[in-house]
Amino acid sequence: MLELSLALVANLTGMYILGILTTYSMQTFSFRNKGNSYLYVLFGASFVELATHLITTVVQYYDFFGSQRLGIVMYSFVFTINAVYILAWVLYLNERLGKETVHDAAYRRRLLILTAPVFLLLGLSIANMFVPIYFSYHDFHYQRKGWYYLTLIIPVCYMIYGFVLFLRTNQRKKLYQELPFVAFILPVVLAHVLESLFIHLCVIPLANTLSLVILVLMNAKQNAAVDPLSGVYTKSELYRYFDEKVQHASTRNLRGIMIRLEYLKNINAEHGHKTGDMAISDMGFLIRSNLPNGAVAFHYADNEFLVLLEQMQEDEVRSVISKIKAELLQFNQKTATVYELHISYGIAALEENDTIDRFIDRMENRLYRNKQGKVQKTEEPMDLM
């Protein structure tokens with residue numbers, strides 16, 4: 001009876017918290033941000049996991065339908081849902097930190113590889129209804145089998161993959177506002193450790209819900225700071241960044257790049273504003289995916305982006321532009337969009353007693369001069385791509 005009571009309290013609490021999170025998120029976060037779609041998958045997987053575990057505990061305790069088989073297969077299904085949850089988290093993390101898009105064939109192949117273990121767990125969960133693959137169950141007593149640990153190993157492997165992805169992107173140095181990776185993943189890791197030690201203590205569904213609380217709080221913080229269309233920081237955040245960081249003497253070594261997406265009006269006129277929004281989204285993704293450590297990107301105007309780079313020399317700044325141009329070339333050659341992405345840009349260094357407006361005006365003047373071909377020797381001769 002104690003286990004039933006604990007399961008009821010834990011799962012109902014998790015479902016209540018999840019309901020609040022989902023309602024808040026639907027009212028706050030834009031559906032236009034592709035990363036948020038994975039967030040709602042996380043909500044869905046967590047809710048199904050909580051509900052399935054709750055129903056399973058009740059079914060097995062009261063032995064409904066005169067058979068424990070239904071409870072066994074439902075409990076097995078919890079393992080699959082947990083793997084789906086962790087996979088959705090990995091895809092969410094890849095969207096936030098990765099450099100691949102659904103346009104890339106390599107990324108699509110990687111998705112197939114990443115989802116294969118989930119389908120394996122699903123098949124084993126169904127088979128466990130007839131053969132004790134994960135565990136045997138009799139008189140409310142579980143006996144683990146060797147394959148049970150696969151239900152813990154696969155989610156852990158997903159978490160390790162996400163952690164490696166996090167480290168490879170040097171996210172803590174790259175983003176102006178950090179993704180709380182450790183805070184988010186800690187409840188999930190602890191829950192899997194406890195689950196491996198005590199089979200009767202099923203805390204993974206509740207831990208997943210608590211992790212979503214952390215993720216939603218982080219998203220709420222970024223919601224006002226990040227442009228949902230381009231995925232980079234907003235114009236208002238640009239001024240806050242300048243006031244808080246650039247005014248200090250230690251960060252006076254600052255250079256900026258104004259990047260303009262050319263022909264956006266033509267894209268809007270020929271294919272509609274929805275397609276134009278897709279072009280801006282792709283442009284923002286390419287910019288933020290190719291920034292070095294110490295660089296921050298902002299969506300300054302409709303078709304203009306600003307990149308601020310701390311402690312970098314001019315040749316390093318130009319290497320950033322070269323990298324972005326190379327990615328644009330790959331995008332235009334390999335993607336099947338109805339538009340191509342072309343940019344012009346201007347580079348300027350922050351000068352003594354500069355205001356943010358003077359700094360931006362100087363970048364914009366360089367951009368216009370470069371487009372018109374009036375380029376001094378210290379400037380890049382080919383600024384339109």
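These exercises work through ring pairs, a hairpin, a surface patch and salt bridges in a predicted model.

**Exercise 1. Classify the ring pair of Tyr233 and Phe298, and say which parts of the chain the pair ties together.**

Solution.

Step 1. Start with the whole structure. A search finds 3 aromatic pairs.

Step 2. Take the geometry. A pair of aromatic rings is described by the distance of the centres and the angle of the planes. For Tyr233 and Phe298 the centres are 6.0 Å apart and the planes stand at 45°.

Step 3. Apply the cut-offs. Planes under 30 degrees apart count as stacked, over 60 as edge-to-face and the rest as tilted. The Tyr233 and Phe298 planes stand at 45°, so the pair is tilted.

Step 4. Place the residues. Tyr233 sits in the loop between helix 8 (204–223) and helix 9 (235–246). Phe298 belongs to strand 4 (residues 295–301). The pair therefore ties together parts that are 65 residues apart in sequence.

Step 5. Check the cover. Tyr233 has 4% relative accessibility and counts as buried. Phe298 is buried too, at 0%.

Step 6. Extend the picture. Ring pairs link Tyr233, Tyr241 and Phe298 into a cluster.

**Exercise 2. Classify the pair of Phe331 and Tyr339, and decide whether each residue is buried or exposed.**

Solution.

Step 1. Read off the geometry. The ring centres of Phe331 and Tyr339 lie 6.5 Å apart, with the planes at 25°.

Step 2. Assign the class. An angle under 30 degrees counts as stacked. The planes of Phe331 and Tyr339 stand at 25°, so this pair is stacked.

Step 3. Assign the cover. Buried means under 20% relative accessible area. Phe331 has 8% and counts as buried. Tyr339 has 5% and counts as buried.

**Exercise 3. Describe the surroundings of strand 4: its cover, and its pairing with strand 5.**

Solution.

Step 1. Count the cover. Of the 7 residues in strand 4, 6 are buried, so the strand is mostly covered.

Step 2. Find the partner. Strand 4 pairs with strand 5 (residues 304–310) in the antiparallel sense, over 6 bridges.

Step 3. Pick out one position. Ala297 stands opposite Val307 in strand 5.

Step 4. Name the connection. The two strands form a hairpin, with 2 residues between them.

Step 5. Turn to a charge over a ring. Lys235 lies over the face of Tyr300, at 4.7 Å from the ring centre.

**Exercise 4. Which residues make the nonpolar surface patch of about 510 Å², and where does Ile126 lie?**

Solution.

Step 1. List the members. Phe119, Leu122, Ile126, Phe130 and Val131 make the patch.

Step 2. Locate Ile126. Its place is in helix 4 (residues 105–127).

Step 3. Check its exposure. Ile126 counts as partly exposed, at 47% relative accessibility.

**Exercise 5. Ser5 and Thr57 are 52 residues apart along the chain. What separates their C-alpha atoms?**

Solution.

Step 1. Place Ser5. The residue lies in helix 1 (residues 2–28).

Step 2. Grade its exposure. Ser5 has 28% relative accessibility and counts as partly exposed.

Step 3. Read the distance. The C-alpha atoms of Ser5 and Thr57 are separated by 9.7 Å.

**Exercise 6. Describe the salt bridge between Glu314 and Arg318, and grade the cover of each partner.**

Solution.

Step 1. Set the scene. Side chains of opposite charge can pair when their charged atoms come close. The structure holds 8 salt bridges.

Step 2. Take the distance. The side chains of Glu314 and Arg318 meet at 2.5 Å, N to O.

Step 3. Place the pair. Both residues lie in helix 12 (residues 314–334). They are 4 residues apart, about one turn of the helix.

Step 4. Grade each partner. Glu314 is partly exposed, with a relative accessible area of 29%. Arg318 is buried, at 16%.

**Exercise 7. Trace the salt bridges of Arg362 with Glu351 and with Asp354.**

Solution.

Step 1. Begin with Glu351. The closest N and O atoms of Arg362 and Glu351 are 3.7 Å apart.

Step 2. Place both ends. Arg362 lies in helix 13 (residues 356–371), and Glu351 in the loop between strand 6 (343–349) and helix 13. The pair therefore ties together parts that are 11 residues apart in sequence.

Step 3. Grade the cover. Arg362 counts as buried, at 18% relative accessibility. Glu351 counts as partly exposed, at 43%.

Step 4. Add Asp354. Its salt bridge with Arg362 has its closest N and O atoms 2.4 Å apart. Both Arg362 and Asp354 are buried.

Step 5. Join the pieces. Salt bridges that share partners put Glu351, Asp354, Arg358 and Arg362 into one network.

Definitions and conventions
Residues numbered from 1 in each chain as written. Predicted model: local features only at pLDDT ≥ 70, side-chain atom pairs only at ≥ 80, totals over all residues. Heavy atoms only, no water. Buried < 20%, exposed > 50% of the residue type's maximum accessible area, 1.4 Å probe, protein only. Lys NZ or Arg CZ within 6 Å of the ring centre and 35° of its normal. Pairing = 2+ DSSP bridges. Patch = residues over 30% accessible without salt bridge, like charges linked within 9 Å, V, L, I, M, F, W, Y side chains within 5 Å. Areas by Shrake-Rupley, 256 points an atom, 1.4 Å probe, with all protein chains shown as cover. Salt bridge = Lys/Arg side-chain N within 4 Å of Asp/Glu carboxyl O.
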